[in-house]
Amino acid sequence: MAEIRSGEAPSCNASGAAIHLGGGRFVTAAHVVDGSVQRLRGFCPPDRQGQPTITLGVRGTEAPARILRAGRDRVDPGIGQRYLGGEDLAIVAPTRTLPALPAATPCAAAPPPGTAALLVTPRRSIRTRILAPWSDPDARFGSYLEIPETLNPGESGGAVFVAASGCLAGIVSHRDSDGGPPSTRLVPASTIARFLTP
């Protein structure tokens, strides 16, 4: 796992995790790198290209990175930020060599509810379980897996692996803000696989 950061000023940056998929490509949550965090804060000036600078870090070595592809978001009053197709995803690549990392393998099928899993972020690694899928009431914004955890800023893009097989079940997107029991939504492996297909 790599750490990823976008933006320069301490009050205008976003950070999280990026998961190596092989071939020098990493997947992370789009909102960490696409400038939306900075836009939503409203006081962060963009760089010359209109996007924040991006840095990937692996075991203390950092490299600038570029976005190869990113999902498209939409912000609706009273609802907030959502990604079309549930694709809170970005594929990024470092512009110079980083230390080698193993490649994560996305799960071929969605794990059933109750499946034991491992949550890994730059801040922690804990055992958890997969909950039933959740779908946005507006089908244009896709479906997510959930885990019964409360995640904090800086953990977006973290990985959830199926404990038994080690396959990548999904990556951390956002917390559920409906006021019920703690839960965090994951972009599932099926959405990641679709996103990787041109």
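The questions and answers below concern a predicted model of one protein chain.

Q: How many helices and strands are there in the chain?
A: Buried residues make up 47% of the 198 residues in this chain. As for its elements, the chain has three helices and 15 strands.

Q: What share of the contacts with a separation of 6 or more comes from residues 24 or more positions apart?
A: The count takes in contacts in the chain whose partners have a separation of 6 or more. Of these, the share that falls to residues 24 or more positions apart is 62%.

Q: Which elements give two or more residues to the largest nonpolar core?
A: The largest nonpolar core has 19 residues, and Ala2, Ile4, Ala18, Phe26, Val32, Val33 and Leu56 touch the most other members. The elements that supply two or more residues to this core are strand E1 (2-6), strand E2 (14-22), helix H1 (30-33), strand E4 (54-58), E5 and E8.

Q: Is Phe26 buried or exposed?
A: Phe26 lies in strand E3 (residues 25-28). Leaving aside neighbours within four places in sequence, Phe26 is in contact with ten residues' worth of surroundings that include Ala2, Ala18, Leu56 and Ala90. Its relative accessibility is 5%, and a residue under 20% counts as buried, so Phe26 is buried.

Q: What is the C-alpha to C-alpha distance between Phe26 and Ala103?
A: Phe26 belongs to strand E3. In sequence, Phe26 and Ala103 are 77 residues apart. In space, C-alpha to C-alpha, they are apart by 9.1 Å.

Q: Which residues does Ala18 touch, not counting residues up to four places away in sequence?
A: Ala18 is among the members of the largest nonpolar core that touch the most other members. Beyond four places in sequence, the residues touched by Ala18 are Met1, Ala2, Ile4, Phe26, Val27, Thr28, Leu56 and Gly157.

Q: Which residues is Ser36 in contact with, leaving aside its neighbours within four places in sequence?
A: Ser36 is in helix H2 (residues 36-41), and at 1% relative accessibility it counts as buried. The C-alpha atoms of Ser36 and Gln81 are separated by 8.8 Å, although the two are 45 residues apart along the chain. Once neighbours within four places are left aside, the contacts of Ser36 are His31, Asp73, Gln81 and Tyr83.

Q: Which cysteines form a disulfide?
A: A search of the whole structure finds one disulfide. Its sulfur atoms are 2.0 Å apart, and two cysteine sulfur atoms within 2.5 Å count as a disulfide. The cysteines that form it are Cys107 and Cys167.

Q: Where in the chain do the two linked cysteines lie?
A: The link of Cys107 and Cys167 is right-handed, with 85 degrees about the S-S bond. The pair links distant parts of the chain, 60 residues apart. Cys107 is in the loop between strand E8 (90-94) and strand E9 (116-120), and Cys167 is in the loop between strand E13 (159-162) and strand E14 (168-175).

Q: Is Cys167 buried or exposed?
A: Its partner Cys107 has 9% relative accessibility and counts as buried. The relative accessible area of Cys167 is 15%, so Cys167 is buried.

Q: What kind of aromatic pair do Trp134 and Tyr144 form?
A: The structure holds one aromatic pair. The rings of Trp134 and Tyr144 are 6.2 Å apart, centre to centre, with 40 degrees between the planes. Planes under 30 degrees apart count as stacked and over 60 as edge-to-face, so the pair is tilted.

Q: Which residue lies over the face of Trp134?
A: Trp134 is partly exposed, at 23% relative accessibility, whereas Tyr144 is buried at 5%. The distance from the ring centre of Trp134 to the residue over its face is 3.5 Å. That residue is Arg185.

Q: Why do the buried residues of H3 line one face of the helix?
A: The buried residues of H3 are Ala189, Thr191, Ile192 and Phe195. Seen down the axis of H3, they line one face because they fall within an arc of 160 degrees.

Q: Which elements do the buried residues of H3 pack against?
A: One of these residues, Thr191, touches Gly85, Gly86, Glu87, Leu89 and Ser143, not counting residues up to four places away in sequence. Taken together, the buried residues of H3 pack against strand E5 (61-70), E8, E12, E14 and strand E15 (184-188).

How values were computed:
Residues are numbered from 1 along each chain as its sequence is written. This is a predicted model: local features need pLDDT of at least 70, side-chain atom pairs count only at pLDDT 80 or more; totals for chains, interfaces and linings use all residues. Side-chain values use heavy atoms; hydrogens and water are left out. Contact means heavy atoms within 4.5 Å. Helices (H or I, at least four residues) and strands (E, at least two) are DSSP runs, numbered from the N terminus. Buried means under 20% relative accessible area, exposed over 50%, partly exposed in between (1.4 Å probe, protein chains only). Rings of Phe, Tyr and Trp (its six-membered ring) pair if their centres lie within 6.5 Å; planes under 30 degrees apart count as stacked, over 60 as edge-to-face and the rest as tilted. A charge sits over a ring if NZ of Lys or CZ of Arg is within 6 Å of the ring centre and within 35 degrees of the ring normal. The arc is that of the directions from the helix axis to the C-beta atoms. A nonpolar core is a set of buried Ala, Val, Leu, Ile, Met, Phe, Trp, Tyr and Cys residues joined through side-chain atoms within 4.5 Å.
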